[in-house]
Amino acid sequence: MVSAPHEAMHRIFQECPGLFSRLSDVLGLELPPLTSAEPLTVDLTETEPLERRVDTLLRIETRNDGPFLLIVEAQGKKDPGKTASWPYYVTYLNNKYRLPVLLLVICQDHATAAWAARPLTIGLPQWPTVTTRPLVAGPHNMPVITNVAEARKDLALATLSAITHADNPDVDAILKTMSVALRDTPESIAEPFVELIAQGLGNRPAAQQWRNLVAVDLSFYTSPLSEEIRDEGRAQGREQGRAQGRAESVLLILGARGIDVSDATRDKVTACDDPELLRRWLVRAAFVTGSEEIFGEETVADR
């Protein structure tokens, strides 16, 4: 199943096709100045019933050396099947478009990045017929951007950096830098980056940190993620309000029945944020003879 981080790692090149030109230093690749980049169909299916799709495919124009094709593959873990599919993608696209083809693999961990960077050969060990050499961007070579001015200078590169460093111990500082950098950015420009970072973090602990930053630093945005966070906050507020109301009702009924409420009982009731548990206490409050009896079995469990 395709994961959210997988989608974010290659979709950022669809949102910002020119991003590849800023990876030259990271990848150790000398390229002529790029003039344009255009997304192409990712479907490589032939007439035979075998579907093949790359993650992202771009046609990139250069100033002096003509166009080339860029395949962007997001790789979350080692996959032996890529040994056959990646060389196929390169040779098929070269044959179809008659253009040079580069393969870029985006990773989020060092082991996968080292695995992806190995040359893939077709032929005999003593004489490879075809060799595919992927370019790899990941935590081993992507810059750690914790300077706001640097992040603002290239939001796409900073976003990809945040995604590839999702497991970095300094990820909180990286994300804080991004939230500040995006704060003064027009929403139409910032929104894709906000969503891509959320996707790229997947279910890692840092994902909640990003949601918190979006809720505070980017609270004025109306992106789907921002709206989702605000909806969650409103739901939590309603739940807390329901719990508070039931806690007050428990104490009110006990007082109306002339039952002395100890400080321990009052503290326990008012501190409870579980509406269902408070509902049980509310029912018991109507017939108990002592305030601690409302807790029933919970009282025994607390001792």
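Start by selecting helix H3, residues 82-97, and show the side chains of Tyr88 and Tyr92. These two tyrosines are 4 residues apart in the helix, so about one helical turn separates them. Keep in mind as you look around that this is a predicted model.

Stay with Tyr88 for a moment. Is Tyr88 buried or exposed? At 19% relative accessibility it counts as buried, because the cut-off for that label is under 20%. The ring of Tyr88 is stacked with that of Tyr92: the centres are 5.6 Å apart and the planes meet at 20°, which gives the pair its label. Tyr92 is buried too, at 17% relative accessibility.

Now add Tyr89 to the selection. Its relative accessible area is 6%, so Tyr89 is buried. How are the rings of Tyr88 and Tyr89 arranged, stacked or edge-to-face? With centres 6.4 Å apart and planes at 70°, the pair is edge-to-face. Seen together, Tyr88, Tyr89 and Tyr92 form a cluster linked by ring pairs. If you would like to hunt for further examples, the count of aromatic pairs comes to 5.

Next, keep H3 on screen and bring in the strands it lies across. Which strands are they? They are S1, S2, S3 and S4, the last of these covering residues 101-107, and H3 runs at about 160° to S3.

Colour the sheet by strand and read across it. The order is S1-S2-S3-S4-S7, an open sheet of 5 strands with mixed pairing. From one strand to the next, the twist averages 25°. Which strands stand at the edges? Look at S1 (34-40) and S7 (135-137): each has a single partner strand, so one side of each has no neighbour in the sheet.

Zoom in on S2 (residues 56-62) and S3 (residues 68-75). The two run antiparallel and are joined by 5 bridges. Find Thr56 here, and opposite it you will see Val72 in S3.

Thr56 is a handy stepping stone to the next stop, His10. A polar contact of 2.6 Å joins the side chains of Thr56 and His10. Select His10 and you are in helix H1, residues 4-15. How buried is His10? Its relative accessible area is 4%, so His10 counts as buried. Turn to Glu7 as well, whose side chain makes a polar contact of 3.3 Å with that of His10. Setting aside neighbours within four places in sequence, the residues in contact with His10 are Asp55, Thr56, Val72 and Ala74. Val72 is thus worth a second look here: it is the residue that stands opposite Thr56, and His10 is in contact with both.

For a last local stop, jump to Phe295 and show Lys268 with it. Lys268 lies over the face of the Phe295 ring, at 4.3 Å from the ring centre.

Finally, zoom out to the whole chain. How many helices and strands does it contain? There are 13 helices and 7 strands. Of the 303 residues, 44% count as buried. Among contacts between residues at least 6 apart in sequence, 63% join residues at least 24 apart.

Technical notes:
Residues numbered from 1 in each chain as written. Predicted model: local features only at pLDDT ≥ 70, side-chain atom pairs only at ≥ 80, totals over all residues. Heavy atoms only, no water. Phe/Tyr/Trp six-rings, centres within 6.5 Å; stacked < 30°, edge-to-face > 60°. Buried < 20%, exposed > 50% of the residue type's maximum accessible area, 1.4 Å probe, protein only. Lys NZ or Arg CZ within 6 Å of the ring centre and 35° of its normal. Pairing = 2+ DSSP bridges. Axes fitted to C-alpha atoms, helices over the stretch in contact; angles between N-to-C directions. Contact = heavy atoms within 4.5 Å. Polar contact = N/O pair within 3.5 Å; in protein donor to acceptor, adjacent residues only side chain to side chain.
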